[in-house]
Structures are given as C-alpha cells and as structure tokens.
Amino acid sequence: MGSLFRSEEMALCQLFLQSEAAYACVSELGELGLVQFRDLNPDVNAFQRKFVNEVRRCDEMERKLRYLEKEIKKDGIPMLDTGESPEAPQPREMIDLEATFEKLENELREVNQNAEALKRNFLELTELKHILRKTQVFFDEEGGLNHTTESMTRALITDEVRTAGASMGPVQLGFVAGVISREKLPAFERMLWRACRGNVFLRQAMIESPLEDPTNGDQVYKSVFIIFFQGDQLKTRVKKICEGFRATLYPCPEAPADRREMAMGVMTRIEDLNTVLGQTQDHRHRVLVAAAKNLKNWFVKVRKIKAIYHTLNLFNLDVTQKCLIAECWVPLLDIETIQLALRRGTERSGSSVPPILNRMQTFENPPTYNRTNKFTKAFQALIDAYGVASYREMNPAPYTIITFPFLFAVMFGDLGHGAIMALFGLWMIRKEKGLAAQKTDNEIWNIFFGGRYIIFLMGVFSMYTGLIYNDIFSKSLNIFGSHWHLSYNKSTVWNNKYLQLSPATSDYEGTPYPFGMDPIWQVASSNKIVFQNAYKMKISIIFGVLHMIFGVIMSWHNHTYFRNRLSLLYEFIPQLLFLVVLFFYLVLLMFIKWNRYAATNEFPMTEACAPSILITFIDMVLFKKSKPPGLHCNTYMFAGQSFFQTVFVLIALACIPVMLLGKPIKIMQARKLANEEVQPITGASDAEVGGMSNGGGSHGGGGEHHDEEEMSEIFIHQGIHTIEYVLGSVSHTASYLRLWALSLAHAQLAEVLWSMVLSLGLNKEGWLGGIFLTVVFAFWAVLTVGILVLMEGLSAFLHTLRLHWVEFQSKFYMGHGYAFQPFSFDTIIENGGAVTETE
C-alpha cells in the first residue's frame with residue numbers, strides 16, 4: 001500500500017546470462033515488463049553492435065509486412081485481430097518467417113506487375129476502340145473520305161500555294177489520331193495552332209466514361225482527337241507536339257472497311273483481357289485474404305524479435321564470449337518474480353547454466369515507478385504532465401482522485417450538465433473493451449477515452465454540487481418545499497419591479513434548508529446573485545486555504561522520510577505557521593461571522609453591524625484599527641480580537657527571516673565546524689562534509705543535497721523560495737476565487753440559454769407550437785452540449801489543473817525525477833514497434 005503514496009523502491013541489478021539462454025530470458029522479461037535495461041555500450045556505433053544483422057533482418061521483415069498491409073487496405077480486406085499477443089518466436093523461426101514473407105511479397109509483386117501490364121493493354125485497347133468509333137463519326141459527317149480530303153485540302157492550302165502552284169495536281173492530306181487528357185486539350189489546341197500557323201485541322205470528342213490509370217488506379221477523363229495536315233514537315237511537328245503533351249497516338253486506317261475490321265478485332269481482344277484480368281484479381285484477392293488472417297500476429301512476432309535483439313545490443317560480452325552482462329533497474333518487490341521469469345527462459349532454451357541477478361550498490365538516483373491500474377493511470381498522467389516525481393517523493397495522485405473532480409465540480413456545479421458528463425464517462429467505461437480494441441488514430445477521441453474515469457468522476461461530483469446549488473439546467477428542484485412563506489399581495493407584486501427576500505422578516509422560517517439551497521432563490525431575481533456570490537466566494541477561499549495547508553503538510557512527510565531536519569525546522573514549520581496565522585485565521589473569521597451575525601439577531605448583532613472580513617484582514621496586516629460598520633456597532637467580532645491579530649501578524653513576520661536565513665546559516669555553521677574538526681584529521685572534502693550534515697535517503701532520492709553548492713548560491717536559492725512562498729500565499733489564495741468566478745459564469749450562461757432559447761419554444765401553443773418547440777429544443781440541446789458541457793467543461797478542467805499544479809503541488813512537489821521505462825512488449829506494440837533506448 002505504501003507504493004500508492006510513494007514511488008516503488010528500486011534496485012540496480014547486474015544480470016549474467018549465458019549466450020544460448022539470453023534470447024529466451026529477455027523474451028520472458030519483455031512479457032513481464034518490469035525491467036529497465038541500461039546501455040552498457042554508449043560509445044559503440046549502432047552499426048557495430050553484435051546483433052545488428054538480426055535487427056536489420058527484422059527491419060526488412062517489417063518492410064515486407066507494411067507492403068502487404070498497404071495492399072490489403074487498398075482492397076478493403078478486413079484484418080483479423082484476435083486481441084491476443086503471441087509469444088516471441090525462437091531465433092530459428094526467423095528463417096521460416098523470412099521465407100514466408102519473401103514468398104508472399106514476390107508473389108504479390110508478380111501479380112501486381114502482371115495486372116498492371118494487363119490493365120495497360122486494356123487501356124490501350126479501350127482508347128483504340130474509342131478512336132475507331134469517334135473517327136468514324138468524323139468521317140461520316142463529311143460524307144466520305146474523298147469529300148473530306150478535298151474539303152480539308154481547300155481549307156489547308158494557303159493563298160501562296162494557290163498562286164505559285166496553280167497547275168499542280170490533287171494534294172493528298174495525312175492525319176494522326178490519338179487520345180489526350182481532357183484538361184490538357186485547350187493548351188494542346190493552342191500550341192498546334194501557333195506551331196503550325198493554322199495549317200492543321202483538329203477535331204476532338206470527349207470520352208464520356210473515365211478510364212483507369214494502370215499505374216496508380218486513378219480515374220482519368222480523356223478526349224479523342226484527329227489532326228489533318230499536309231506534308232512531312234507538318235507531320236513531324238504535330239507528332240513532337242503530341243509527344244510533349246503526353247498524348248497517345250494510335251494507328252487508324254483510312255478505309256471504312258479496315259476500320260470496322262480493326263474494331264471487331266479490338267472488341268474480341270478486350271473481352272479476352274477482361275477474362276484474364278478477372279482471374280488475376282481473384283488470385284490477388286485470395287493471396288491477400290490468406291495474408292490478412294495472420295498479418296497482425298506476424299507484426300507482433302517481428303516486433304518482439306526486433307525488440308529482443310535491440311535489447312541484447314545494450315548488453316556487454318564477457319572475455320570468454322559465452323556470457324552476456326547487463327545492468328538494469330528493477331522494483332525491489334518484484335525481484336523474485338523477475339528471477340522466476342529468468343528461470344523459465346533458461347528452461348525454454350535448454351541451458352544448464354542458471355542466470356545470476358546481483359543487486360548493486362549505487363549513489364545514482366533511481367527512476368520513478370508508480371504502479372497504476374486502469375483507474376489510477378489517468379490521474380497519474382495528470383501529475384506526470386507537470387513533472388515526474390523525484391525518487392520516493394510523495395505522490396499527489398491518490399489525493400488528486402478526490403480533490404480534482406471536487407474542485408472541478410465546484411466550478412461546474414449543475415445537476416443536468418453533470419449527468420450528461422457522467423453518462424458519457426459511464427458509457428466509455430462499460431464499453432471500454434470494445435472501444436479499446438478499435439485502436440483509432442483520432443487524437444481527441446484517445447484523450448477522452450484515456451480519461452474516461454476522470455470524466456465519470458467529474459460528472460458525478462458535479463451532480464452532487466448541482467444538488468447543493470439546487471441548479472439543474474438553470475432551474476431548481478423543489479424537493480423539500482421552501483422555508484420561505486411570502487405574504488405579497490397582488491398590488492405589491494405589480495407595483496414593485498424588483499422584490500428582495502429579507503430574512504429579517506417573518507417570511508423566513510428561521511431554520512436551515514435540509515439539503516442545498518432553497519428553491520425560492522431561483523425566483524429572487526434581485527438579490528439571488530448577491531446571495532450566491534457571497535456564498536460561493538467564501539467557500540472558494542475556505543477550500544483554497546484548506547487545500548494549500550494540506551499541501552504544506554505533505555511537505556512534512558517528504559522531510560521526515562528523507563530525514564531532512566533543516567528543511568523540517570526552517571521551512572515546514574515557518575511555512576505552516578505563516579499560512580495558519582494569516583489565511584486560516586481569515587477562514588475562522590468567516591465561520592465566526594456566520595455564527596454570530598444574522599439578520600434576525602437583536603441589536604448590536606444584526607447583519608448591518610457585521611464587520612467586513614476583507615477590511616478587517618487588510619487593517620490587521622497594516623496594524624490599523626478597524627472602523628465600526630455603524631454608529632452603535634462593535635469594531636471586532638469577539639473579545640481580544642485586536643490582541644490576537646497583532647500577535648498573528650508578528651508571528652507571520654517572524655517566520656519570514658526564519659525561512660530566509662535559517663537553513664543557509666545552519667549549513668554554513670555545519671560546514672565551518674566540520675572543516676575545523678574533520679579536515680585536519682581525515683582530509684575530508686567540502687562535498688563530504690556537506691553530505692554528512694545533510695543526511696538523505698539511500699539513493700539520494702528526493703533529499704536536498706547542497707554538497708557542491710557555494711554559500712552564495714544557497715542564500716540566493718533560499719531567498720527566491722522565501723519570496724515565492726510569501727507572495728505566492730497571497731496570490732494563490734486569491735487564485736482560488738476562480739472557483740467562484742467560473743461557477744457564477746456557468747450558472748449565468750445556463751440561465752441565458754434557458755431564457756433566450758428554450759423559453760421561446762415553451763411560450764408557443766398549439767400544434768405549431770409543438771413543432772417550434774421541437775426545433776428550439778434541438779437548438780438548445782446542441783448549444784448546451786457544445787458550449788456548457790464541452791467548452792465550459794474544458795475551461796473548468798484547465799483551471800482545476802492549474803490549481804493542482806501551481807497552488808497545491810508547489811507546496812511540496814519537486815518533480816525532478818525521470819520515469820521508469822521498462823522493457824515491455826505491450827508498450828512496444830502499442831507504440832507501433834518503436835523501441836526507445838534507455839540509459
């Protein structure tokens with residue numbers, strides 16, 4: 001149970017493994033996930049390590065599996081995921097896996113190459129089919145090829161040809177036909193006109209259906225064109241332009257009979273290609289379906305093999321090359337479990353030499369390991385986001401499980417909104433196995449799902465504070481009736497725009513409401529905010545001061561655990577005194593005022609005679625005498641208040657020099673005394689003297705060591721901390737007023753949404769009113785969830801996080817540690833096979 005409040009005790013161990021058993025032992029430790037290995041070859045290049053070839057083989061297998069995965073996803077084939085994690089294969093099984101992956105990759109690449117070649121042939125035949133069909137239309141429109149040639153000739157022969165060659169015979173025209181991408185056609189036509197100076201004739205027609213590009217499978221829209229020209233020079237120029245625009249040219253016979261014969265041959269070949277393509281796709285599909293059944297397991301196996309060899313590269317070889325030596329951090333409580341895993345690995349490998357696990361003595365700071373489960377994991381993540389705790393430092397996470405949702409609920413107090421949040425969190429908890437198996441890449445959803453228990457608790461606590469505030473969607477629940485009995489008549493109501501509830505009258509019964517707030521305050525539009533502001537402002541200060549005092553008390557646990565006597569005497573005690581005599585006294589004044597003053601009390605204890613707590617506190621700090629609130633009112637709330645306040649301020653002022661100078665002076669005296677007595681005899685250094693005077697844990701842990709610090713640095717460091725604490729006590733107390741401010745903002749936003757949106761629909765009557773109410777309710781529900789639950793919830797969450805990180809944890813939490821990162825197959829597979837090096 002102690003590990004819940006502090007990190008686990010860690011031990012640095014040396015591990016000796018026989019070379020034949022090393023693979024199996026590391027495999028067992030990876031399944032266990034309780035050992036963090038250190039790199040014993042930090043200066044050795046990654047390409048020069050012993051098992052680099054095995055790691056490369058694993059990388060190659062992963063590449064082949066990713067290729068298979070891409071092809072499977074391209075075809076939309078579902079991959080079987082049983083959720084089970086197969087054991088790491090033996091080294092001899094790597095050859096079988098490599099052969100299987102090689103065979104699958106080669107077969108798939110061959111099928112893809114054949115399919116691509118077939119698709120390319122199919123595309124060419126399809127384009128030729130469209131060319132023969134469209135050009136036939138072109139020729140038919142001109143009434144035959146001869147008529148077309150004569151008309152084209154007349155159109156293309158220039159005036160110079162007519163005058164210079166009037167006696168020449170009939171001129172023959174040539175033509176080319178092809179297919180071009182539709183978006184290139186306008187530029188292609190302009191280029192032909194400019195390059196050939198208008199001496200060509202272009203006809204084009206669009207292909208209605210898109211054609212598949214065999215290279216990438218995209219759908220491309222193309223057009224058929226035919227170009228008429230005269231002479232070889234223009235023919236060469238036209239072909240160059242077609243080549244530049246990546247237009248595909250096809251042979252097209254001049255005679256209609258030849259074109260029909262070619263078209264029939266093309267159709268026959270297309271049908272044959274369709275049959276072959278279908279068979280090829282079926283074979284590809286069968287190969288991919290077979291691979292999809294085992295792909296997830298193959299990925300897990302390869303990543304485990306790679307992780308094992310990557311870890312073995314961190315080990316050292318002994319002189320005989322028969323033993324591997326490793327150093328690792330392990331939790332002290334799990335050493336026996338680790339030894340059992342090593343024995344299992346040795347038995348699996350068939351080795352006769354047992355592994356040796358020796359605990360080493362070290363002065364290094366061990367890693368911080370907080371054992372968590374699925375419930376506490378999210379709360380621990382909130383703490384670690386601020387900074388990983390120093391070794392064996394007090395862990396705030398167990399206390400945050402209660403304080404975090406509670407402070408959130410103070411700001412988010414609404415029974416309806418809290419119920420929405422709690423139901424959402426409960427749904428994720430009930431469906432967590434199925435939702436976790438989906439493994440989506442949506443970062444926002446992963447954040448929500450990871451914090452499902454936090455969301456659920458925040459919703460439940462918000463429902464509780466909503467009942468205390470008696471607030472549900474800005475309305476009240478009239479569970480116990482009301483303790484107010486108003487005697488207003490009709491004329492009073494009609495003649496007064498604002499009516500206030502006064503507890504000094506007989507309208508109030510004089511007894512507290514059984515639970516939460518009286519529902520009558522919902523209709524007290526004039527002094528409702530005044531009453532709730534005073535209530536929420538005071539409870540914010542009360543909760544804040546208690547939260548900070550609890551943080552200071554947590555520092556006492558740290559100082560006593562690390563035997564830091566100086567910090568206990570000259571930091572903890574003055575800090576606690578400073579906080580108690582000033583700010584806890586402020587809280588006591590609130591309770592005294594609530595107890596002694598009321599509207600119904602006899603003079604001079606009426607509410608009008610109650611002194612202002614804020615003014616009283618300011619005058620107390622400034623040593624001023626408070627002015628009475630009225631002519632016949634008392635200045636103070638109780639006898640001797642002035643004396644006690646003076647004593648409290650003097651105690652607080654006396655704590656400041658103690659915090660500022662106490663610890664540095666004691667360290668300086670201890671160093672001076674040690675140098676005079678110890679150094680002449682033993683030759684001890686200043687660092688050793690500082691260590692003797694400080695004490696600390698066995699590893700140094702969270703204890704403060706000033707062994708190598710100059711005295712000037714210690715004084716400056718202590719001065720900064722003292723100023724930060726004294727000024728921070730004021731600012732942190734005021735910071736807790738955000739509990740009141742956000743609670744007020746949330747309640748007012750809910751009321752605005754109700755009065756300006758939903759009430760419009762509730763005021764309509766008849767069947768049209770029902771339709772209008774349905775539309776308005778949908779709009780109100782969207783705004784409620786989007787603004788009041790999501791946006792306001794996120795705002796309250798961030799403010800609560802700040803209160804814990806700054807106002808609470810700054811009192812005791814150092815956060816200078818580094819996280820324990822064990823060699824774990826589960827973590828590696830969850831991170832997609834990424835292996836992180838640990839030092």
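**Exercise 1. Work out whether cysteine 328 is buried or exposed.**

Let's go step by step, keeping in mind that this is a predicted model.
- Step 1: The relative accessibility of cysteine 328 is 1%.
- Step 2: Buried means under 20%.
- Step 3: So cysteine 328 counts as buried.

You can run the check again on cysteine 252: with 13% relative accessibility, that residue counts as buried too.

**Exercise 2. Find out why cysteine 328 has no bond to the closest cysteine sulfur.**

- Step 1: A quick reminder: a disulfide is a covalent bond that joins the sulfur atoms of two cysteines.
- Step 2: For cysteine 328, the closest cysteine sulfur belongs to cysteine 13, and the gap is 5.5 Å.
- Step 3: The cut-off for a disulfide is within 2.5 Å, so 5.5 Å is too far for a bond.
- Step 4: Now zoom out to the whole model: the structure holds zero disulfides.

**Exercise 3. Describe the largest cavity and its lining.**

- Step 1: Rolling a probe the size of a water molecule over the atoms reveals where empty space is left.
- Step 2: Four cavities of 30 Å³ or more turn up in the structure, and the largest has a volume of about 120 Å³.
- Step 3: Its lining has 15 residues, and the closest to the centre are Tyr469, Asp471, Gln522, Lys528 and Gln532.
- Step 4: Two elements give two or more residues to this lining: helix H18 (528–561) and helix H25 (738–762).
- Step 5: Sort the lining by class and you get four nonpolar, six polar and five charged residues.

**Exercise 4. Do the same for the second largest cavity.**

- Step 1: The volume here is about 80 Å³.
- Step 2: The lining includes Ser3, Leu4, Arg371, Phe379 and Pro398.
- Step 3: Helix H1 (2–5), helix H11 (376–386) and helix H12 (397–411) each give two or more residues to the lining.
- Step 4: By class, the lining of the second largest cavity splits into five nonpolar, six polar and one charged.

**Exercise 5. Check the span of helix H18, then look at its histidine 559.**

- Step 1: H18 has 34 residues, and at 1.5 Å a residue they should span 50 Å.
- Step 2: The end C-alpha atoms of H18 are 50 Å apart, which agrees.
- Step 3: Just after H18 comes arginine 563, with a positive phi of about 55 degrees.
- Step 4: Histidine 559 sits in helix H18 and, at 11% relative accessibility, counts as buried.
- Step 5: Leaving out residues up to four places away in sequence, histidine 559 touches Asn564, Ser567, Leu568, Glu571 and Phe572.

Technical notes: Residues are numbered from 1 along each chain as its sequence is written. This is a predicted model: local features need pLDDT of at least 70, side-chain atom pairs count only at pLDDT 80 or more; totals for chains, interfaces and linings use all residues. Side-chain values use heavy atoms; hydrogens and water are left out. Buried means under 20% relative accessible area, exposed over 50%, partly exposed in between (1.4 Å probe, protein chains only). On a 1 Å grid over the protein atoms alone, a cavity is a set of points where a 1.4 Å probe fits but cannot get out, and a pocket is an open set with protein on both sides within 12 Å along at least five of seven lines; lining residues have an atom within 4 Å of a point. Grid points are joined across faces, edges and corners, and a volume is the space filled by probe spheres set on the points. Helices (H or I, at least four residues) and strands (E, at least two) are DSSP runs, numbered from the N terminus. Ala, Val, Leu, Ile, Met, Phe, Trp, Tyr, Cys and Pro count as nonpolar, Asp, Glu, Lys and Arg as charged, and the others, Gly among them, as polar. The expected span of a helix is 1.5 Å times one less than its number of residues. Contact means heavy atoms within 4.5 Å.
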